[in-house]
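Ready for a little practice with rings and burial? Take a look at the model below, then work through the exercises at your own pace.

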Amino acid sequence: TVHHRNPFGWAELRYIESAEDSKRLNSLEGPAIIIATDGMVEAGRILHHIRHTAADPRNTILAVGYMAEGTLGRRIVERARTVRVFGDEIPLRARVEEIRALSGHADYEELHRFAARLDQNRLRTIFLVHGEAEVQREFREFLLSRGAAEVEIMKRGERFRLT
């Protein structure tokens, strides 16, 4: 068995490794905190937890980080009346809270610092391939205002030949 460091210091913290043990969490009685992750609530064990907890108003779903358009995570943070999980429509009655301060993504300044460290004699074009359209447009203008030679916003499925 793998030893996992307890980042919270709670004596009661148990790290669940197997899918079967994770599924057993759905039958817990009494208060519990289940920390589960998968980017934007799109796959993995978190779907089982959402399916079994979203309809109960005694529960809270805490979203940490950014949830992209079109994802289950976004529908949850936008407090949709129902969410589709494994083909079933589940009423979203759980409380929904967000912590937006934590993200795995770099911000404008961090991305600009990264690009600025590249060989500017060889860097001809920056391609933006991730993010929502409005943010991409704003980031493109930001990079151009900071001296980027060319910034292209790519469309889904679009190809570009590098020469």
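Here are three short exercises on this predicted model, each with a worked solution.

**Exercise 1.** Classify the ring pair of Tyr108 and Phe139, and find where its two members sit.

*Solution.* Start with the count: the structure holds four aromatic pairs. For Tyr108 and Phe139, the ring centres are 4.8 Å apart and the planes meet at 45°. Stacked needs under 30 degrees and edge-to-face over 60, so this pair is tilted. Next, locate the partners: Tyr108 belongs to helix 4 (residues 108-116) and Phe139 to helix 5 (residues 133-145). With their positions 31 residues apart, the pair links distant parts of the chain.

**Exercise 2.** Which aromatic cluster does Tyr108 form with Phe139 and Phe142, and how accessible are the members?

*Solution.* Begin with accessibility. Tyr108 has a relative accessible area of 28% and is partly exposed, whereas Phe139, at 9%, is buried. Now add the other contact of rings: Tyr108 and Phe142 have centres 5.1 Å apart and planes at 45°, so this pair is tilted. Tyr108 in helix 4 and Phe142 in helix 5 are 34 residues apart. Phe142 is buried too, at 14% relative accessibility. Put together, Tyr108, Phe139 and Phe142 make up one aromatic cluster.

**Exercise 3.** Is Ser22 buried or exposed, and what does it touch?

*Solution.* First, place Ser22: it lies in helix 1 (residues 19-24). Its relative accessible area is 5%; the cut-off for buried is under 20%, so Ser22 is buried. Finally, setting aside neighbours within four places in sequence, Ser22 contacts Ile16, Arg45 and His49.

Terms used: Residues are numbered from 1 along each chain as its sequence is written. This is a predicted model: local features need pLDDT of at least 70, side-chain atom pairs count only at pLDDT 80 or more; totals for chains, interfaces and linings use all residues. Side-chain values use heavy atoms; hydrogens and water are left out. Helices (H or I, at least four residues) and strands (E, at least two) are DSSP runs, numbered from the N terminus. Buried means under 20% relative accessible area, exposed over 50%, partly exposed in between (1.4 Å probe, protein chains only). Contact means heavy atoms within 4.5 Å. Rings of Phe, Tyr and Trp (its six-membered ring) pair if their centres lie within 6.5 Å; planes under 30 degrees apart count as stacked, over 60 as edge-to-face and the rest as tilted.
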